[in-house]
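This report takes one helix and then the charged pairs. Please keep the structure open while reading.

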Amino acid sequence: MLKNITDGFSHIVQKITKKGRLTETQIQEGIRSIRLALIEAEVNIEAIKKFIAKLKEKALHQEIVKNVQAGDMLVKIVHDLLVETLGQEKISLNLKESTQITGVLLSGLQGSGKTTTLAKMAYRYKNKRDVLTVSLDFNRPAANEQLKILSKQAGVAFYDRGEEKNLKKIVHNVFQLAKRNAHNLIFFDTAGRTQIDEGALAELTEIHRFVKPDETLLVMDSMMGQQALPVANRFKAAVPLNGLIFSKFDSDNRGGAVLSVKEVVGVPVKFIGVGERIDELDEFDPKRIAERILGMGDIVGLVEKAKEVVDEEEAKRLSKKLKQNKFDFEDYLAQIRQFKKMGSLSSIVSMMPGMANKINPENIDEGEMKVTEAIILSMTPFERKEVIYFNNSNSRKMRVAKGSGTNLLKVNKVLKKFFEMKKMMKNFQNSRKMKKVLTKMGMNESDLKKISQKMEKR
Ligand code: GDP
């Protein structure tokens, strides 16, 4: 899936990240390689031009952030542009209120995977809505039967039109049945032709006029590559398209069509078929696809922030201490100070999957960091090592509270925070993304394990 373009980009990414600060020539070189990767992926030429123009503009005016390698910045710019080119946001099926009937019409060329996709959609939505499927394909006698079988497989109701050929009658009966049986989502299949012609499009327009669907979707075979785009435009001229579905995305190595569709057709991609099975239909998520293409995801943003302020020397010193298994409250303090330097810890935490809701940003504000420092500084070296012991001694806590000019409540809060941090480290260890960030900071997995084991004991 998108293998060629992913390979092309990962090659570029490796090349640019290895180099330190990029010179003008290196940026030009990077842009040239990116253009080549896009051409090889068969992205539409207009779409490439726009992509490269935006890339140049952004690369040349990139903000200079201390300690962030220009290569990393470029990766981030490319990533964001990919998301933008793919459509920015995930756009799903537009369903009406469940008290009303939503009609969805599927169109496409024969063999595009239309009927299979319809069954996949029915399967996907059957838990949310009461689904009914109908075949309005009058060209292939077996079409009605095929949809009947697939609907049974999907576990949804099917309207059997039998020998009836009158479109108006069928549509009327379908809506009657839907009202009677409280079906609130109807998928209409239409005839596919091997070749697009005026007759086929006129027939589709006619069906659209009778059915008055809320959504009209076009199923396209990803393997058609660029050729799919003019086809989509012809369908768009015949019926108001709300979205596209790329079937057989699992077999598409180039990705050119999907990267050109927004520019060339201007209709959002809503789903992708990723296999023959009934459950192999995914929502089209530009961010996920961009991550897959670039192989870096939002780690880019995280690395930038971390890189901005993390004192590499300090990270190395800490890492060394960790290796020697000497991590203590002193180091915890050093770590807090480092996090503080990153600016808003909460914004970094919010980028980590699953962490955003667990950490209260109020607990990590500037003022509190200062208090934490003061409290730790008032502890004896012994207390900094034996946190649990300290936690159990009220008299020690009182002394530290006095010494740091705070109170018992604040000391307890700091301890609570320490244990939270301990938990956080454990989660960090399990977070693939965080692992990558810490690796960039000069720590490896065994360091992480040691930190979390050490903290676990306290
Ligand atoms: P239609 O003529 O447009 O209705 O096409 P069909 O629904 O009959 O599908 C044509 C072929 O494409 C069938 O063999 C499907 O199993 C296959 N197909 C459909 N969607 C996908 C997909 O997402 N991935 C793969 N690998 N095959 C698919």
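## Helix H3

Which residues of H3 are buried? In this predicted model, they are Ala47, Ile48, Phe51, Ile52, Leu55 and Ala59. These buried residues cover an arc of only 125° around the axis, so they lie on the same side of H3. An α-helix has 3.6 residues a turn, so residues three or four places apart point the same way.

The length of the helix also checks out. H3 runs over residues 45-60, which is 16 residues. At 1.5 Å a residue it should span 22 Å, and its end C-alpha atoms are 22 Å apart, so the two values agree. A polar contact sits at the start of H3: a side-chain oxygen of asparagine 44 comes within 2.8 Å of the backbone nitrogen of glutamate 46.

## Salt bridges overall

How many salt bridges does a search of the whole structure find? The count is 20. Lys54, Lys58 and Glu84 are linked in a network of such bridges.

## Pairs involving helix H8

Arginine 193 and glutamate 203 form a salt bridge through their side chains, at 2.9 Å from N to O. Arginine 193 lies in the loop between strand S4 (185-190) and helix H8 (198-211), while glutamate 203 is in helix H8, so the pair ties together parts ten residues apart in sequence. Arginine 193 is partly exposed, at 22% relative accessible area. Glutamate 203 is partly exposed too, at 24%.

A second bridge joins glutamate 206 to arginine 209. The closest N and O atoms are 3.2 Å apart. Both residues are in helix H8, three residues apart, so about one helical turn separates them. Is arginine 209 exposed or buried? Its relative accessibility is 54%, so arginine 209 counts as exposed. Its partner, glutamate 206, is partly exposed at 35%.

## A link between distant parts

Lysine 248 and aspartate 221 also meet in a salt bridge, with 3.1 Å from N to O. This pair links distant parts of the chain, 27 residues apart. Lysine 248 lies in the loop between strand S6 (243-247) and helix H10 (256-264). Aspartate 221 belongs to strand S5 (residues 215-221).

What is the relative accessible area of aspartate 221? The value is 14%, and the cut-off for buried is under 20%, so aspartate 221 is buried. Lysine 248, at 30% relative accessibility, counts as partly exposed.

Note on methods: Residues numbered from 1 in each chain as written. Predicted model: local features only at pLDDT ≥ 70, side-chain atom pairs only at ≥ 80, totals over all residues. Heavy atoms only, no water. Helix = DSSP H or I, 4+ residues; strand = E, 2+ residues; numbered from the N terminus. Expected span 1.5 Å × (residues − 1). Buried < 20%, exposed > 50% of the residue type's maximum accessible area, 1.4 Å probe, protein only. Arc of directions from axis to C-beta. Polar contact = N/O pair within 3.5 Å; in protein donor to acceptor, adjacent residues only side chain to side chain. Salt bridge = Lys/Arg side-chain N within 4 Å of Asp/Glu carboxyl O.
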